[in-house]
Amino acid sequence: MNAEITRVGTDFVQRFSATRRGARLARRLAVQQLDAWGVPYGCELSDDVAVVVAELAANAVLHGHVTGRDFELRVLPEADGFRVEVSDARGERRPELCAGGPAAEGGHGLRLVAALAAEWGVAERAVGKTVWARVAPGR
């Protein structure tokens, strides 16, 4: 089912504790916001954004965690989909695609992001980094 994107309101921006619970909440609230913007739960676009948010938030918690610092989720409506940004406080650890194959123990999250997003990248910040991905209907 393809969703017609309705642009209502502004960007969704929220900080979360850098915990597994925070990552889970980020995913749930992102999907809830998409529904409020007219992208229904369970459609392909909503599911793709949910996976991208889940993977980027999990990476922020696992690899970008700095004690006492939260991570930030930003979902920005664009003309052809959504830009998802997850910012954390650790700038020296830049995400990379898993070099190993299916047997590798980790690093598959960014492969999912790369498969679901039209494009993705990393931007430096004054403190930390932002990993972003553009998710569009039908990629």
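**Entry: D88 and K129**

I started with the side chains of D88 and K129, which meet in a salt bridge at 2.8 Å, N to O. This pair links distant parts of the chain, with D88 in strand 3 and K129 in strand 5, 41 residues apart. By salt bridge I mean a side-chain nitrogen of Lys or Arg within 4 Å of a carboxyl oxygen of Asp or Glu. I took helices (H or I, at least four residues) and strands (E, at least two) as DSSP runs, numbered from the N terminus.

Are D88 and K129 buried or exposed? D88 is buried, because its relative accessible area is 6%. K129 counts as buried too, at 4% relative accessibility. My cut-offs were these: buried is under 20% relative accessible area, exposed is over 50%, and partly exposed lies in between (1.4 Å probe, protein chains only).

**Entry: what I am looking at**

A note to myself: this is a predicted model, where local features need pLDDT of at least 70 and side-chain atom pairs count only at pLDDT 80 or more, while totals for chains, interfaces and linings use all residues. Residues are numbered from 1 along each chain as its sequence is written, and side-chain values use heavy atoms, with hydrogens and water left out.

**Entry: the overall layout**

I looked up the elements next and found 3 helices and 5 strands in the protein chain. Read along the sequence, they follow the pattern β-α-α-β-β-α-β-β. The chain has 139 residues, and buried ones make up 40% of them.

**Entry: how the strands pair**

I counted two strands as paired if DSSP finds at least two bridges between them. Strand 1 (residues 12-16) pairs with strand 2 in the antiparallel sense, over 5 bridges. Here V13 stands opposite R74 of strand 2.

Strand 2 also runs antiparallel to strand 3 (residues 81-88), and 7 bridges join them. A hairpin connects strand 2 to strand 3 through 2 residues. I noted two facing pairs: E78 is opposite G81 in strand 3, and V75 is opposite V84 in strand 3.

Then I followed strand 3 to strand 5 (residues 129-135), an antiparallel pairing with 7 bridges. E85 has W132 of strand 5 as its bridge partner.

How many residues of strand 2 and strand 3 are buried? For strand 2 (residues 71-78), I found 6 of its 8 residues buried. For strand 3, 8 of its 8 residues are buried.

**Entry: more salt bridges**

The count of salt bridges comes to 7. I looked at E85 again and found a salt bridge with R74, the closest N and O atoms being 3.8 Å apart. The two sit in distant parts of the chain, E85 in strand 3 and R74 in strand 2, 11 residues apart. E85 is buried because its relative accessible area is 14%. R74 has 26% relative accessibility, so R74 counts as partly exposed. I also found a network of salt bridges that links R15, E72, R74, R83 and E85.

Another salt bridge joins the side chains of E119 and R134, at 2.9 Å, N to O. E119 lies in strand 4 (residues 119-124) and R134 in strand 5, so the pair ties together parts that are 15 residues apart in sequence. E119 is partly exposed, with a relative accessible area of 39%. R134 also counts as partly exposed, at 25%.

**Entry: helix 1 and a surface patch**

I moved to helix 1 (residues 20-36), where I found R28. R28 counts as exposed because its relative accessibility is 56%. With R20, R21, R24 and R27, R28 forms a positive surface patch. For patches I used residues with over 30% relative accessible area and no salt bridge, joining like charges within 9 Å and nonpolar side chains (Val, Leu, Ile, Met, Phe, Trp, Tyr) within 5 Å.

A26 is in helix 1 as well. In contrast to R28, A26 is buried, with a relative accessible area of 0%.

**Entry: two C-alpha distances**

How far is A26 from V86? I found 9.8 Å between their C-alpha atoms, with the two positions 60 residues apart along the chain.

My last look was at L76 in strand 2. L76 is buried, with a relative accessible area of 16%. The C-alpha atoms of L76 and V13 are 8.5 Å apart, while along the chain the two are 63 residues apart.

Terms used:
Areas by Shrake-Rupley, 256 points an atom, 1.4 Å probe, with all protein chains shown as cover. Lys, Arg positive; Asp, Glu negative; His and termini not counted. Charge placed at Lys NZ, Arg CZ, Asp CG, Glu CD.
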